[in-house]
Structure formats: C-alpha cells, structure tokens
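Trainee: I should like to go through the terms applied to this model and ask what each of them rests on.

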Amino acid sequence: MLTERGRDEEAFGILTSAVADRCVSPEAYYLLAEVLTKLGRLDEAEETLRNGIALYPHVPNLWFLLGQTQNQRQQFSDSETSLLKAVDLGYTVPNVYFALSTACVRQGKKEKAAEYRKRFSEVKTAGGQDTQ
C-alpha cells in the first residue's frame, strides 16, 4: 500500500526489516526489488532478486523482474536468459515478450526481437494481463 501511495522510502524500510528478520516470501523479495528499482538502486534490486531466486527458484515473477532490472542495467544477454527462464516457468504476460524484444534488439538479434514483438501483440490481443 505504501508504494501505491508514493511512500517508497517507508516501504523500503519495512520490507528491508522483514527480509532481515527472515520474514520472507517471494512477494517480499519482489516488492523490495520493485521499491529499490523505483528508488534507482538497480544494483541492490538485482542482488535482492538473486537472493529471492536462491530461495524460490521456481517463482517466475522474480525471474521476470530480474530480467527487467538487467535490461535497465544494460545487461542484455543476462536479461534475455532471465526472461526466458520466467517464460519457461509459465510467466506469459505481454510485458515479458516486450522485455525480451528489448533485450534482443540491444544485442543485435533483430529476427528474435521481431518474433517477441509479434508474440507480445498476440498475447496482448488475446487478453493477457500483466500481473506480478
């Protein structure tokens, strides 16, 4: 609720305490990384996601957010790998294909990028929703 109200610093404090106290869940790692991203702390967001994935390797939205974070950090090859892992785990919301397209175009993989853009359009048209 705090992040929805623009109170990211407060959310950061609560989530950091929860993770430090081992009151963890995949959602806690996801939300903490999301707040860190909003605060521009991409290195810490990536580290948080890697820690979450170490505990919850089969949670696709952690892989998705890791891929997005890696795109922002211009780690396009790593991003592609993370995003494909999210897809392999069943995460097929439109934005995963958009992010894959971005990662591929930045690596010069134009044909792959076009495939992912097409898939993005198909999933979006079919009513795919972006959710965590």
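Trainee: What makes the meeting of the E46 and R73 side chains a salt bridge?

Mentor: This is a predicted model, so the values are computed from its atoms. The N to O distance between E46 and R73 is 2.2 Å, and the cut-off for a salt bridge is 4 Å between a Lys or Arg side-chain nitrogen and a carboxyl oxygen of Asp or Glu. The pair therefore satisfies the definition.

Trainee: Which parts of the chain does this pair tie together?

Mentor: E46 belongs to helix α3, while R73 sits in the loop between α4 (60-72) and α5 (76-88), so the bridge ties parts that are 27 residues apart in sequence.

Trainee: Why is E46 called buried, and why is R73 called partly exposed?

Mentor: Buried means a relative accessible area under 20%, exposed means over 50%, and partly exposed lies in between. E46 has 8% and is therefore buried. R73 has 28% and so counts as partly exposed.

Trainee: How do you know that E80 forms a salt bridge with K109?

Mentor: The closest N and O atoms of E80 and K109 are 2.7 Å apart, which is within the 4 Å that the definition allows. This pair links distant parts of the chain, with E80 in helix α5 and K109 in the loop between α6 (94-106) and α7 (110-125), 29 residues apart.

Trainee: Which exposure class does each partner have, E80 and K109?

Mentor: With a relative accessible area of 9%, E80 is buried. K109, with 34%, is partly exposed.

Trainee: What makes R119 and E122 a salt bridge, and how are the two placed in helix α7?

Mentor: Their side chains meet at 3.4 Å, N to O, and the limit is 4 Å. R119 and E122 are 3 residues apart in helix α7 and are therefore separated by about one helical turn. R119 is partly exposed, with a relative accessible area of 36%, and E122 is also partly exposed, at 36%.

Trainee: Which residues are joined into one network by salt bridges that share partners, and how many salt bridges does the whole structure hold?

Mentor: D43, E46, R50 and R73 form one such network. A search of the whole structure finds 8 salt bridges.

Trainee: Why are helices α2 and α3 described as roughly antiparallel?

Mentor: The axes of α2 (residues 26-38) and α3 (residues 42-55) cross at roughly 170 degrees and come within 8 Å. Angles over 145 degrees count as roughly antiparallel, and the two helices are therefore given that description.

Trainee: Which residues make the contact between α2 and α3, and how do they divide by character?

Mentor: From α2 come Y29, L32, A33, L36 and T37, and from α3 come L42, E44, A45, T48, L49, N51, G52 and L55. The residues of this contact divide into 8 nonpolar, 4 polar and 1 charged.

Trainee: Which residues touch the most other members of the largest nonpolar core?

Mentor: They are V96 and Y97, in a core of 26 residues. The elements giving two or more residues to this core are α2, α3, α4, α5, α6 and α7. Leaving out residues up to four places away in sequence, Y97 touches V87, T92, Y116, R119, F120 and V123.

Trainee: How do you know that Q70 is buried?

Mentor: Its relative accessibility is 1%, and the threshold for buried is under 20%. Q70 lies in helix α4 and touches E46, R50, Q75, D78, S79 and S82, again not counting residues up to four places away in sequence.

Trainee: What makes the phi of Q74 noteworthy, and why is Q74 called exposed?

Mentor: Most residues other than glycine have a negative phi. Q74 is not a glycine, yet it has a positive phi of about 65 degrees. Q74 is found in the loop between α4 and α5. With a relative accessible area of 57%, Q74 is exposed, because the term applies over 50%.

Trainee: How many helices and strands does the protein chain have, and what share of its residues count as buried?

Mentor: The chain has 7 helices and 0 strands. Of its 132 residues, 40% count as buried.

How values were computed
Residues are numbered from 1 along each chain as its sequence is written. This is a predicted model: local features need pLDDT of at least 70, side-chain atom pairs count only at pLDDT 80 or more; totals for chains, interfaces and linings use all residues. Side-chain values use heavy atoms; hydrogens and water are left out. Axes are lines fitted to C-alpha atoms, for helices over the stretch in contact, and angles run from 0 to 180 degrees between N-to-C directions. Helices (H or I, at least four residues) and strands (E, at least two) are DSSP runs, numbered from the N terminus. Angles under 35 degrees count as roughly parallel, over 145 as roughly antiparallel, 65 to 115 as roughly perpendicular and the rest as oblique. Contact means heavy atoms within 4.5 Å. Ala, Val, Leu, Ile, Met, Phe, Trp, Tyr, Cys and Pro count as nonpolar, Asp, Glu, Lys and Arg as charged, and the others, Gly among them, as polar. Buried means under 20% relative accessible area, exposed over 50%, partly exposed in between (1.4 Å probe, protein chains only). A nonpolar core is a set of buried Ala, Val, Leu, Ile, Met, Phe, Trp, Tyr and Cys residues joined through side-chain atoms within 4.5 Å.
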